[in-house]
Amino acid sequence: MNSSSNQLVITCALVGAELTREIAPHLPLTPKEIAESGIQAVHAGASILHLHVRDSEGKPTLDEQIIREVIQKIRKEVDPILQVSTGGAIGDTEADRHRPLQCGAEMASLTTGSINFGNEVFLNPIPLVEGLAKEMLQKGIKPEIEVFDVSMLEQGIRLIEKGLIQPPAHFQFVLGVPGALAATERNLRFLVEGLPANSTWTIAAIGRHQFPIAELAMKMGGHVRVGMEDNIYLEKGTLAKSNAELVQKIVCMASEVGRPIATSKEAREILKCQASELS
């Protein structure tokens, strides 16, 4: 593994669409809070920020104005890869899920199949997935192929074969969601073995699995996502006070396994992702 590929790209998922302040008292909710949390995470070592936003009542929204406000605030201070979510929240309409792609981000999540998501169903029919992929291709937005189950890896490969995603592709394995693949070493190794040649990959493990699976991924040559969207604890019984604390823990773990941290510029080169001006 060369020095470039050995660098670790850290993604920080700042808020998500599920948590509330009652569960996570330090969760950022307003545009100012989300932006400040993202800026702190970048200073701690994150080179990608995965963005969800909330409305004035703290509820998840896909409102372009709020997304743009957060992006603008972040870009005034730091230059991470900004990755918008096209998954939104359970129940968002297909039309609304295209809205984040209008906000000038250079990367976006692309979930390639439907799954049970706790007691609900996260619907991603193929026409929606292909429509999002086409728009990303047209706008020069790098998709992150979200894999919650094995079929999503296969569908991501089909999108590449159909020319809707340009290689080298980037995948994220999301393990530990109730109703989807468990966060186990066996599952991670199986998924990595199925990747197309020259692909890059990141692991996002949920809850208590976040740090053990992240350590495994780092040793396997993958990249890592942390953040309050996925896990709110630094360790058992200890709530993280910020997203930056979660990033800092990964930075320390990376040092122990010999993975230098990629800057945003280096991450763009590793992932073949181009900086994008706010439209």
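I began with a term: a residue is called buried when its relative accessible area is under 20%, exposed when that area is over 50%, and partly exposed in between. I also noted for myself that this is a predicted model.

**Entry 1: backbone angles**

I applied the term to lysine 272, whose relative accessible area of 42% makes this residue partly exposed. I found lysine 272 in the segment after helix 10, which covers residues 264-271. What caught my attention was its phi, which is positive at about 55° although lysine 272 is not a glycine. I reminded myself that most residues other than glycine have a negative phi, and that most peptide bonds are trans.

I then looked up asparagine 198, which also is not a glycine and has a positive phi, near 70°. I placed asparagine 198 in the loop between helix 7 (185-193) and strand 11 (200-205). Is asparagine 198 buried or exposed? I read a relative accessibility of 69%, so asparagine 198 counts as exposed.

For the peptide bonds, I wrote down a cis bond that joins proline 167 and proline 168, with omega at about 5°. Proline 168 belongs to the loop that lies between helix 6 (150-161) and strand 10.

**Entry 2: strand 6**

I turned next to strand 6, residues 107-111, and asked how many of its five residues are buried. I found that five of the five are, so the strand is largely enclosed by the rest of the structure. When I followed the side chains, I saw Met107, Ser109 and Thr111 pointing one way and Ala108 and Leu110 the other way, with all of them buried.

Which strands pair with strand 6? I found strand 5 (residues 81-84), which pairs with strand 6 in the parallel sense over two bridges, and in that pairing glutamine 83 stands opposite methionine 107. I also found strand 9 (residues 142-147), which runs parallel to strand 6 and is joined to it by five bridges. Here I noted that threonine 111 has glutamate 146 of strand 9 as its bridge partner.

**Entry 3: cysteines**

I recalled that a disulfide is a covalent bond between the sulfur atoms of two cysteines. I looked for disulfides and counted zero in the structure. To see why, I checked cysteine 252, whose sulfur is 15 Å from the closest cysteine sulfur, the one in cysteine 12, and this is too far for a bond. Cysteine 252 has a relative accessibility of 49% and therefore counts as partly exposed.

I did the check again for cysteine 273, where the closest cysteine sulfur, in cysteine 103, is 16 Å away and again too far for a bond. Cysteine 273 counts as buried, because its relative accessibility is 2%.

**Entry 4: cavities and the largest pocket**

How many cavities of 30 Å³ or more are there? I counted two. I noted a volume of about 80 Å³ for the largest cavity, and 13 residues in its lining, with Leu51, His52, Val53, Thr61 and Leu62 nearest its centre. By class, I sorted that lining into eight nonpolar residues, four polar ones and one charged one.

The second largest cavity has a volume of about 30 Å³. I listed its lining as Ala24, Pro25, His26, Met228, Ile232, Leu239 and Ala240, which divide into six nonpolar, one polar and no charged residues.

I then moved to the largest pocket, which has a volume of about 690 Å³. Of the 38 residues that line this pocket, I found Phe117, Ile206, Arg225, Glu229 and Asp230 closest to its centre. I traced at least two lining residues to each of strand 6, strand 10 (170-175), helix 8 (210-220) and strand 13 (233-235). By class, the lining of the largest pocket holds 18 nonpolar, 11 polar and nine charged residues.

**Entry 5: leucine 216**

I closed with leucine 216, which I found in helix 8. Leucine 216 has a relative accessibility of 14%, so I entered this residue as buried. Which residues is leucine 216 in contact with, leaving aside its neighbours within four places in sequence? I wrote down Glu185, Leu188 and Arg189. Finally, I compared leucine 216 with glycine 113: the two are 103 residues apart in sequence and, from C-alpha to C-alpha, 25 Å apart in space.

Conventions. Residues are numbered from 1 along each chain as its sequence is written. Side-chain values use heavy atoms; hydrogens and water are left out. Buried means under 20% relative accessible area, exposed over 50%, partly exposed in between (1.4 Å probe, protein chains only). Helices (H or I, at least four residues) and strands (E, at least two) are DSSP runs, numbered from the N terminus. Two strands pair if DSSP finds at least two bridges between them. A disulfide is a pair of cysteine sulfur atoms within 2.5 Å. On a 1 Å grid over the protein atoms alone, a cavity is a set of points where a 1.4 Å probe fits but cannot get out, and a pocket is an open set with protein on both sides within 12 Å along at least five of seven lines; lining residues have an atom within 4 Å of a point. Grid points are joined across faces, edges and corners, and a volume is the space filled by probe spheres set on the points. Ala, Val, Leu, Ile, Met, Phe, Trp, Tyr, Cys and Pro count as nonpolar, Asp, Glu, Lys and Arg as charged, and the others, Gly among them, as polar. Contact means heavy atoms within 4.5 Å.
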